[in-house]
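Trainee: I should like to take a close look at a single part of this protein. May I put a request to you once the model is before us?

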Amino acid sequence: MDRVVVAEALKPPRASDKRVRLVIRGAVQGVGFRPFIYRLATELGLKGWVLNSAQGVFIEVEGEPEALQQFVRRIETDKPPRAFIQSLEQTVLDPVGYTAFEIRHSEESGEKSALILPDIATCPDCLRELFDPADRRYLYPFTNCTNCGPRYSIIEALPYDRPNTTMKAFIMCPLCREEYENPLDRRFHAQPNACPECGPHLELWDQKGVCLAKHHEALLQAGEAMREGRIVAVKGLGGFHLMVDARNDPAVRRLRERKRREEKPFALMYPSLQMVKAHCEVNEVEERVLRSPESPIVLLRRKEPEAVAPSVAPSNPYLGVMLPYTPLHHLLMCELGFPVVATSGNLSDEPICTDEHEALHRLADIADLFLVHNRPIARHVDDSVVRVLLGRELVLRRARGYAPLPVLVKEPLPPLLAVGAHLKNTVALSVGRQVFLSQHIGDLETPQALQAFRRVIADVRELWEHQPQAVACDMHPDYLSTQAAHGMDLPVIDVQHHVAHVLSCMAENELEPPVLGVSWDGTGYGTDGTIWGGEFLILREQGWERFAHLRPFRLPGGDRAIKEPRRSALGVLYELFGDDAFDLLAHVFTEGERRLLRQMLRQGVNAPITTSAGRLFDAVASLAGLRQVVRFEGQAAMELEFLTHDVHTDEVYPFSFSEGSFPRTLDWSPMVRAILEDARTGISASLVAARFHNTLVEMMVTVARAAGIERVALSGGCFQNAYLTERAVRRLGEEGFRPYWHQRVPPNDGGIALGQIVGAARG
Ligand code: ZN
Ligand code: ZN
Ligand code: FE
């Protein structure tokens, strides 16, 4: 970013104030955007500044949260007619005490890295042309302009010029060329510019790759097939979707069987916001996110349980919903008029498929038909997933629309590469003050995923011409990402998993140490070789300390416990009752299983020690009779969270905190005894779930008091849980602490690479 040359006038900020930083990219230069921002901020009584730079328009505004929300909303609704927003990044920060609002002038500084825009959802102008029978792009599925269309998914090299994109094979016709060369045209230098005469086209293929139809007829026939309940693989922007009528239960089940995906919820694409609102609860922020240029999948509370087939998201009160974001999707959804499952085109756990010939091979056993086109996809980019929590956007999966926009950090960093964790892998690069976090790659469990991981590393290094000084990785010796780092011929810096979580949350919120990090997740390798996951870490200027953790227990069967909450329950009860634990859980194991597990626990073989909060969730789900075996990672914890919807209580279970030992231990055993008693007396699982969540939050408050550090950063997969996060934020605030949580970087392992970069830079 350019250096600011204006001295800051500051006064101590009011406690209730917040600061919002916006980075806006798009056609916002030379269209009266800065004066507009100035007027809007002044009208709302907000202080701060606006600055134009080569990287976009930077805005910081400070004031009452309500006015700030209005400010962001009105940027979109009241902006000058010729302004177009391609991306609007929003981060809520602590106020610094601005005294006025000013238009700042920037001085272009040396550090200028190429900005690569993410893919942008279709703009209103292109949409109008798409459905205008008089327009030459009527029904043309590859319509785009300078304000919208593919970017990251078609760039092969920099600078971003047509010969460096996957559009290079298409020679523009005279009309397109004229638009492209006319500075007054909306398509001036729109690199993917195309029309039916000169651009890519659609084809419908059968499973053998035989072309059944072309152009609009292909789309119509694909729609017809979906109406009949068939599964169609659709080549979109950053990869393939598998699509099927979301109202047709047998069809959705067939997709589950073929994709080998048992119960994990499927995402949906809806034809209109209106229909989304008829089926789900949509608040103002959720609506803004649904309609944003990022156009992610948004998790929404259902209000019409019967609206889609039960097998779309079994026993789940949420639906993952997105709106059409390319002309192809708009045309298809308009033709269908009903919601469809739009899940990534892959076999479970594999990376999304991007090439039509590869798709024929990899998706042959899943899709009945293939709606494909001949615009190559340069790199896979999945749909992003967002949940709105505490009135803000929380990105759970960061890909299309967000990647590869940088996260800005306070101080310039040396050039580093970070390879991330094992699950939900992403990688990151630091270039000056910017950290580029890659798109979601996935769990590094299959050879295909590992290949994608290597491809993305090579790809981002090439794009940014990056020569890292060192590579940062996890401490887990068995992670394939760690092993890859050690094979790289660069100095390796390992960063402990839970420290990386906290650092990523700190970086995003611009927090200075000291910070108390609550780092709660399923699994992470600790410095003592045990599995951590219920950690309270103090991060100081110099180093970090494991201040406290949850009481450890053994996990019989190690990784198998992730799939079987009953094993976590057994580990917890064995810690408390020894062999008697087997009698308490007699109903959930067979005789043979018990014999085997007893051996493991007695001898401590294949029964690693863990402090994992995620596994404690599993144990409680099992003890509450909710679920003994799960079909996907985190299912039991999710279902426990859902149960809290039914009850409103502040009740907590007892627990104890021993200050004497180092690190200090939070002992859950009084809670587990109480839960056993509740289960015995038939207390509802919902009440157990609410009390359990409340207890975890009081545990955080207790440790925060003992640590005496004002700033508390909440990170790790457990903070995808809305009830836990919202309550923790509220309670910590009530007790005088200042809680921080994630916004544009996932709290789960998708954010680890950012933390690794910061950790490695700090040494
Ligand atoms: Zn457009
Ligand atoms: Zn053309
Ligand atoms: Fe983690």
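Trainee: In which sense do strand 13 and strand 17 pair, and over how many bridges? Please describe this part closely and then place it in its surroundings.

Mentor: Please bear in mind that the model is predicted. Strand 13 covers residues 297-301 and strand 17 covers residues 385-389; the two pair in the parallel sense, over two bridges. Residue by residue, V298 has V386 of strand 17 as its bridge partner, and I297 stands opposite V385 of that strand.

Strand 13 also pairs with strand 14, here in the antiparallel sense and over four bridges. One position in this pairing is L299, whose bridge partner in strand 14 is G320. Strand 13 thus takes part in a parallel pairing with strand 17 and in an antiparallel pairing with strand 14.

These strands belong to an open sheet of 11 strands with mixed pairing, in the order 9-8-16-10-11-15-12-14-13-17-18. At its edges stand strand 9 (211-214) and strand 18 (392-397); each has a single partner strand, so one side of each is left without a neighbour in the sheet. On average, neighbouring strands of this sheet are turned by 35° against each other, direction ignored.

Helices pack on the sheet as well. Helix 6 (residues 249-259) touches strand 11 (240-245) and strand 15 (340-344), and its direction makes about 145° with that of strand 11. Helix 8 (residues 284-291) brings us back to your strands: this helix lies across strand 13, strand 14 (318-322), strand 17 and strand 18, and runs at about 150° to strand 13.

Let us now turn to the nonpolar cores. In soluble globular proteins, nonpolar side chains tend to be buried together. The largest nonpolar core here has 107 residues, and those touching the most other members are L371, W520, F536, W668, F692, M700 and L714. Helix 21 (residues 685-707) supplies the largest share of this core, 11 residues. Leaving aside residues up to four places away in sequence, W668 has contacts that include L550, P552, F553, V572, L616 and M699. Another core, of 42 residues, lies apart from the largest one, and V244, V276, V312 and L360 are among its members.

Two metal sites complete the surroundings. The zinc ion (ligand 2) has as its protein donors the SG atoms of C173, C176, C195 and C198, lying 2.2 to 2.4 Å from the ion. The four donor atoms subtend angles of 105 to 116° around the zinc ion (ligand 2), and therefore the arrangement is tetrahedral. Along the chain, these donor residues are spaced C-x2-C-x18-C-x2-C. Of these, C176 lies in helix 4 (residues 174-181), while C195 lies in the loop between helix 4 and strand 8 (202-205), 19 residues apart. C176 counts as buried because its relative accessibility is 0%; C195 is likewise buried, with a relative accessible area of 0%.

The iron ion (ligand 3) is coordinated by H497 (NE2), H501 (NE2), D521 (OD) and D749 (OD), at 2.1 to 2.3 Å. Angles among these four donor atoms run from 87 to 172°, and the site is irregular. The spacing of the donors along the chain is H-x3-H-x19-D-x227-D. H501 in helix 13 (residues 497-509) and D749 in the loop between strand 32 (738-740) and helix 23 (752-762) are 248 residues apart, a pair that links distant parts of the chain. Both H501 and D749 are buried.

Technical notes:
Residues numbered from 1 in each chain as written. Chains lettered and ligands numbered in written order. Predicted model: local features only at pLDDT ≥ 70, side-chain atom pairs only at ≥ 80, totals over all residues. Heavy atoms only, no water. Pairing = 2+ DSSP bridges. Axes fitted to C-alpha atoms, helices over the stretch in contact; angles between N-to-C directions. Contact = heavy atoms within 4.5 Å. Core = buried A, V, L, I, M, F, W, Y, C linked by side-chain atoms within 4.5 Å. Buried < 20%, exposed > 50% of the residue type's maximum accessible area, 1.4 Å probe, protein only. Donors = N, O, S within 2.8 Å, 3.2 Å for Na, K, Ca; no water. Tetrahedral: all angles 85-135°; square planar, octahedral: opposite > 155°, others 65-115°.
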